[in-house]
Amino acid sequence: MKKAIITVVGKDVVGIIAKTAAYLAKSNVNILDISQTVVQDYFNMMMIVDLSKTKKPFDAIVADLSAIGRDLGLEVRCQRSEIFERMHRV
Amino acid sequence: MISGNFRKAMINISEVIETNKMILEENLDVRTITMGISLLDCADSSLEKTCGNIYTKLMRLAKDLVRTGDDIGREFGIPVVNKRISITPAAIVGSACCKKPADFVKIAKTLDRAAKKLGVNFIGGYSAIVSKGMTPADELLIRSIPRAMACTERLCSSVNVGSTKTGIDMDAVRLMGDIIKETARLTKDNDSLGCAKLVVLCNAPDDNPFMAGAFHGVSEGDCVVNVGVSGPGVVNHVLKSIRGASFEVLCETIKRTAFKITRVGQLVAQEAAKRLGVPFGIIDLSLAPTPAVGDSVADILREIGLEHPGAPGTTAALALLNDQVKKGGVMASSYVGGLSGAFIPVSEDQGMIDAVDAGALTIEKLEAMTCVCSVGLDMIAIPGDTPASSIAGIIADEAAIGMVNQKTTAVRVIPVAGKKVGDTVEFGGLLGHAPVMRVSPFSCEAMVGRGGRIPAPIHSFKN
């Protein structure tokens with residue numbers, strides 16, 4: 001499995017999850033888990049996704065998601081999951 | 001269907017937010033991926049051939065370095081700020097073909113040309129290791145440094161003048177006083193910037209990824225990847241949440257934070273080594289500040305409880321900080337090396353600059369601080385009319401601290417041509433800006449002029 005973490009941060013707007021999920025489905029990226037929280041008035045969403053079936057290069061997914069975020073006035077990032085696993089799991 | 005084990009290992013949202021906050025708000029980054037390259041097999045009795053061999057080898061091994069660093073940065077979402085190269089000390093590589101200082105300058109130009117072509121921001125190793133004595137080639141290289149620094153952009157130079165095992169080569173120390181002055185003179189149009197890329201060391205490590213002291217020592221393999229991590233902003237931020245807590249809590253918090261920072265460095269280092277097809281060397285566990293606001297070691301010292309670095313208690317605060325960074329980082333990485341500790345450069349740390357401006361921090365206090373932390377008197381602007389003998393005296397003091405305490409120490413001072421105490425010097429970029437600091441006006445001319453070397457210290461009767 002090639003896992004990545006997608007994060008969405010910004011003011012809450014309608015359609016954040018729908019738009020992101022639609023893009024991921026179209027790109028054959030499987031969503032493993034979704035969670036969300038509000039920190040200091042900012043909406044934070046995290047998706048754990050599996051990239052092993054997608055044909056798109058990682059860079060393209062990063063750029064596409066970032067563009068979707070820009071349209072909604074949000075910051076959308078996609079990072080390989082190892083950076084979080086290494087930092088928080090011994 | 002997701003299995004129970006997988007669930008348990010899954011990262012949660014607060015951990016993700018914590019990591020990204022470190023990166024986006026607290027300046028967590030991977031400071032440098034430095035590829036160490038041996039140039040021993042490039043040596044030839046013909047200068048032209050040597051330069052050709054050097055250029056070809058650098059191009060072959062480092063062609064993907066910058067792209068790989070950028071790719072990794074994008075995929076993990078963390079800035080990999082610098083991509084750099086360190087090489088075998090040039091005095092060794094050029095010893096068979098260089099008959100005069102100008103010959104070494106040709107090697108310097110070749111290295112600079114390669115660095116520009118490869119897109120790395122610095123190449124280090126225009127160096128001589130003369131801890132016990134200088135070969136004719138060592139001395140030629142040292143004498144070529146001012147010209148080499150004046151006609152290159154990305155080249156860094158270092159000279160190791162002493163070690164715990166050998167003592168201090170005072171002839172080299174005296175010579176370096178003159179060389180630093182001459183480098184300042186030849187680069188005076190750029191606020192003597194050449195001196196910012198020249199460092200004099202004692203007990204220099206073979207695997208340091210940080211400039212200006214990086215070189216690829218002769219104890220190393222053919223090619224290796226070393227990584228320097230950083231994150232003073234992250235440490236500073238987390239300390240804000242435990243204001244007033246006991247030393248136990250303080251130290252545990254720094255240690256935990258250093259662990260997290262270093263784990264990221266280890267991940268990036270392993271990934272870089274794998275993609276470049278080169279062995280992973282070491283992680284350098286350093287808190288390296290930048291002029292960016294919040295990316296400051298001085299701010300950590302203030303958060304520990306000092307009004308300014310330089311106040312009484314500074315040496316103790318720095319000692320505990322340095323030790324906890326190492327304790328936390330060591331467990332996070334399979335191999336640790338380089339300089340590993342807190343850096344206290346003046347011009348590259350806004351908090352240090354503020355402390356000097358406030359009159360809290362002097363060269364003498366900085367010298368005491370270097371006894372308990374990484375490296376030494378770093379990026380300090382001093383008056384342009386400081387005598388070469390006084391600079392040599394400063395080098396001798398730092399080398400003595402390193403020699404006796406079995407640690408790396410260094411001097412990177414910039415006697416800025418035409419500037420005096422109270423003036424400010426602008427180096428730009430990562431090198432920052434610096435107030436010109438006062439140097440003791442009392443002479444050490446007769447002492448540094450003696451010639452010869454200081455014997456190695458005894459390692460018993462520790463007092």
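Chain B has 463 residues and a radius of gyration of 22 Å, which agrees with the value near 23 Å for a compact globule of that length. The model is predicted. Chain B touches chain A, with 19 residues from chain B and 25 residues from chain A in the contact. On the chain A side, an open sheet of four strands takes part in the picture: α2(B) lies across β1, β2 and β3 of chain A.

**Chain B overall**

- The C-alpha atoms of chain B fill a box of roughly 70 × 50 × 45 Å along the principal axes.
- Chain B holds 16 helices and 14 strands.
- Of the 463 residues in chain B, 58% are buried.
- Among contacts in chain B with a separation of 6 or more, 80% join residues 24 or more positions apart.

**Contact between the chains**

- The contact draws 25 residues from chain A and 19 residues from chain B.
- Three helices of chain B each give at least two residues to the side that touches chain A: α2 (13-25), α4 (65-76) and α10 (247-276).
- The largest share of that side, six residues, belongs to α2(B).
- By class, the chain B side has 11 nonpolar, three polar and five charged residues.
- Helix α2(B) runs at about 105 degrees to β3(A).

**The sheet of chain A**

- The sheet is open, has four strands in the order β2-β3-β1-β4, and pairs in the antiparallel sense.
- Its edge strands are β2 (30-39) and β4 (75-80) of chain A, each paired on one side only.
- Neighbouring strands are turned against each other by 15 degrees on average, direction ignored.
- Eight bridges link β1 (residues 3-10) and β3 (residues 42-50) of chain A in antiparallel pairing.
- A4(A) has V49(A) as its bridge partner in β3(A).
- Helix α2 (residues 58-72) of chain A packs on this sheet and touches β1 and β4 of chain A. The direction of this helix makes about 160 degrees with that of β4(A).

**T262(B), a buried helix residue**

- T262(B) sits in helix α10 of chain B, one of the helices that supply residues to the side touching chain A.
- T262(B) is buried because 30 other C-beta atoms lie within 10 Å, and the cut-off is 20 or more.
- Beyond its neighbours within four places in sequence, T262(B) contacts V229(B), I283(B), L285(B), G328(B), G329(B), A332(B) and S333(B).
- P289(B) is 27 residues away from T262(B) along the chain, and their C-alpha atoms are separated by 16 Å.

**Backbone points to check**

- The peptide bond from M211(B) to A212(B) is cis, with omega near 10 degrees. A212(B) lies in the loop between β6 (198-202) and β7 (223-230) of chain B.
- N28(A) has a positive phi of about 65 degrees and is not a glycine. N28(A) belongs to the loop between α1 (16-26) and β2 of chain A.
- N28(A) counts as partly exposed because 13 other C-beta atoms lie within 10 Å, whereas exposed needs 12 or fewer and buried 20 or more.
- S340(B), also a residue other than glycine, has a positive phi near 35 degrees. S340(B) lies in the loop between α12 (314-332) and β9 (341-342) of chain B.
- With 24 C-beta neighbours inside 10 Å, S340(B) passes the cut-off of 20 or more and therefore counts as buried.

Key
Residues are numbered from 1 along each chain as its sequence is written. Chains are lettered from A and ligands numbered from 1 in the order in which they are written. This is a predicted model: local features need pLDDT of at least 70, side-chain atom pairs count only at pLDDT 80 or more; totals for chains, interfaces and linings use all residues. Two residues are in contact if their C-beta atoms, placed from the backbone, lie within 7 Å. Ala, Val, Leu, Ile, Met, Phe, Trp, Tyr, Cys and Pro count as nonpolar, Asp, Glu, Lys and Arg as charged, and the others, Gly among them, as polar. Two strands pair if DSSP finds at least two bridges between them. Axes are lines fitted to C-alpha atoms, for helices over the stretch in contact, and angles run from 0 to 180 degrees between N-to-C directions. The radius of gyration is taken over C-alpha atoms; the globule rule is 2.2 Å times the number of residues to the power 0.38.
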